[in-house]
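Okay, thanks for coming, everyone. Let me put the model up, and then I'll walk you through a few places where helices pack.

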Amino acid sequence: MSKGQPLVMVCAGGGGVGKTTTSAALALALARQGARTLVITIDPARRLADALGVRLGNDLQVIGLDPSTGDRLVALMPEPSLATRTFMDFLFLEEPDAHARLMANQLFLTLEDKLAGMNELVAMTLVIRALAAEPFDAVIVDTAPSRYALDFFTYPARLSALLEGRAVKWIATLMQRAEERRGKDRRWWSGWGKRQVEAAVSHVLGTSLVQDTTHLFAEIALIRKRFAWIAREIDNLLRGPRTAHILVAAPTGAAEDDLFFLFRRLVELESRAHAVLLNRTGLELDTWVRLFEPDVPLGQHARIQLQHLREEHFSRVQASQRIHRRLESLPRPVPVVDLPLLTYTEPAEIVQELATLLDPSLRMLTGWRSPHA
Amino acid sequence: MVTGKGGVGKTTVAAALALAGTRQGRGGVLVEFSDGDAGSRALGPYTAEVEHLVISPDDAITRAAGPLLGSTLLAKLVLGNFAMRRLVRAAPALRELAMLESVRQIVEERPGRRVVVDMPATGHGLAWLRVPAQMAAITSPGPFRTLVEKVNRDLMGPGRCSVVVVTLPETLVLRETVELCQGMMQEVGLDPACLVINQMPSVIAASALAEVQRMVAEGDALGLNPALQAALKRAQALLEARHHARLLAATALRDALDGVSIEPVILPLSPHDPTASAVAGWLMDGGLR
């Protein structure tokens, strides 16, 4: 069924807007239409796993939420705390000795849980591995709940610029020399040249850190070609011609700020937002008008409680309308899909209902055409 | 230092704490490592009452490297080197350390003031707080070690800093938060000064729910027209969902904090984004020191 590259949808949004649930719903809607769909979450909150009844791990798992999708809906939910290890295993696949040295390097062991963007890199690497093993029609990427969730787009390129260029060799040599010069020249600040940089690095960092850094860079130099390949593959997936960026928002001031921040960020990253999904919009004016008509025999307690809900509802309506107006006034207007506030209590029910509500907009959002249609 | 995952209202709490600092006569300072949008929005009309500092990661690195190399000019030269620039951008933990060092400098320059740091939401909060201690363990004597020790002593040391953890009353989020608090005590030696449970759903009066349920059940007998009956059904669903959310939140909170010696401050779920001033009031009513 699949030919060439799959359709890729990257969902981004601030925290608390229902991005994870919406990503799952989008994937379910595509699977219902016959698309073999892979949904991957980078969100360490693990809510999607919980809602879909899958466990965390590096393996593909079929989601059995809706019997009609058969084995077409597949999830990938890497355990965030193992991200760096997983990535290094993949990166050093062909260099087992270097891998063993890396796992004994104090600097690496200290830093491994702080490697920025590592969850994202691992997730995308697992997607690349999955696509190499079997074909998919669509891939939904649920990014971390942050304004900077999309910044990892630049991370593979930044790392590979560091690794492919002269920089790594230069730093490895620099650290090597700095190690040799340690203690020999106390007046490291006199003058300015290559030797002085070496001495300065040694003076500032101290011996053990310089040694660990030297060795770390020597190992990294071994796998730079493989890393560059991974970086290119990730870049193809995230910014390729079949990739769409979906921004998820909700009608609150904070979510609105995050939405427009992400708009600007996408432009800076030489991409653009394809559509906006606005969750929990309140457009049920009818309900509220009817309930508060003078002849309705509403009890006192119910009246007070419902007045609070009405106030909440109106503030959501106002925020939704403001977001719509701002989106319409953009130089290149972006389509918006409004999704209502759902009252289901089970996350799985919410995912099912959202998938049904998204169905009419699926063509617009994804360009996906069912092969059976 | 205000920490918590994305979307929990961390910035609002940070802004409120800074504002409370000013109102208690200690001159509140809000430090934000972003573009400053979130802090400005949270402060809203109270911007003038708080000193709002916005620090980009690059600024933080230059700021931290200045004293390290003897001068800001030298720092700019070293960081301007093509390889160093790439290394520093890609290197982990350097940014975090530079940001903490920037905070240390800000605190040093403002004795007696209350400096509130809105910590970045990315990554594990604990990993951030562990950076200085881990860096101290892997460095040998030299200016870098001295800087790390200064951050440890003057910023992270006991009595110097307190951590406020912001979270939501949801089972999984709370579980992560309790792990974070325990890890902080055991691994970093920092007691969370305050655990803020944000967006607690309000109690739905049982009498109100019963009244609506009765009207829905007896709609035909009461002679209510179909449109009104539909509206009532929707109102009932909304009330029941809210009631359920309250029960879930209360249960999650009780289970998560059972046997944990942390006294939380609970803030209500508000239909509008609450102002920093309102949150400051809630925090002080909640017994925040």
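Let's start with a crossing: H1 and H15 of chain A cross in a right-handed way, meaning that the near helix is turned clockwise from the far one by less than a right angle (anticlockwise would be left-handed). Quick housekeeping: this is a predicted model, so local features need pLDDT of at least 70 and side-chain atom pairs count only at pLDDT 80 or more, while totals for chains, interfaces and linings use all residues. Residues are numbered from 1 along each chain as its sequence is written, with chains lettered from A and ligands numbered from 1 in the order in which they are written. Helices here are DSSP runs of H or I with at least four residues, strands are runs of E with at least two, and both are numbered from the N terminus.

Back to our pair. H1(A) covers residues 19–32, H15(A) covers 347–358, and their axes come within 8 Å and cross at roughly 55°. That's why H1(A) counts as oblique to H15(A). For the angle classes, under 35 degrees is roughly parallel, over 145 roughly antiparallel, 65 to 115 roughly perpendicular, and the rest oblique. The axes are lines fitted to C-alpha atoms over the stretch in contact, with angles from 0 to 180 degrees between N-to-C directions.

Who touches whom? On the H1(A) side, the residues include A:Leu28 and A:Arg32, and on the H15(A) side they include A:Val351 and A:Ala355; contact means C-beta atoms, placed from the backbone, within 7 Å.

Now keep an eye on A:Leu28. Leaving out residues up to four places away in sequence, A:Leu28 touches A:Leu65, A:Asp66, A:Thr69, A:Leu73, A:Val351 and A:Ala355.

Over to chain B, which has 12 helices and seven strands. Of its 289 residues, 44% are buried, that is, with 20 or more other C-beta atoms within 10 Å of their own (12 or fewer is exposed, in between is partly exposed). Among contacts in chain B with a separation of 6 or more, 69% link residues 24 or more positions apart.

Last pair: H10(B), residues 206–217, and H11(B), residues 226–257, have axes that come within 9 Å and cross at roughly 145°. Which hand is the crossing of H10(B) and H11(B), left or right? Left-handed, this time. The contact includes B:Leu209 and B:Val212 from H10(B), and B:Leu239 and B:His243 from H11(B).

How values were computed
Contact = placed C-beta atoms within 7 Å.
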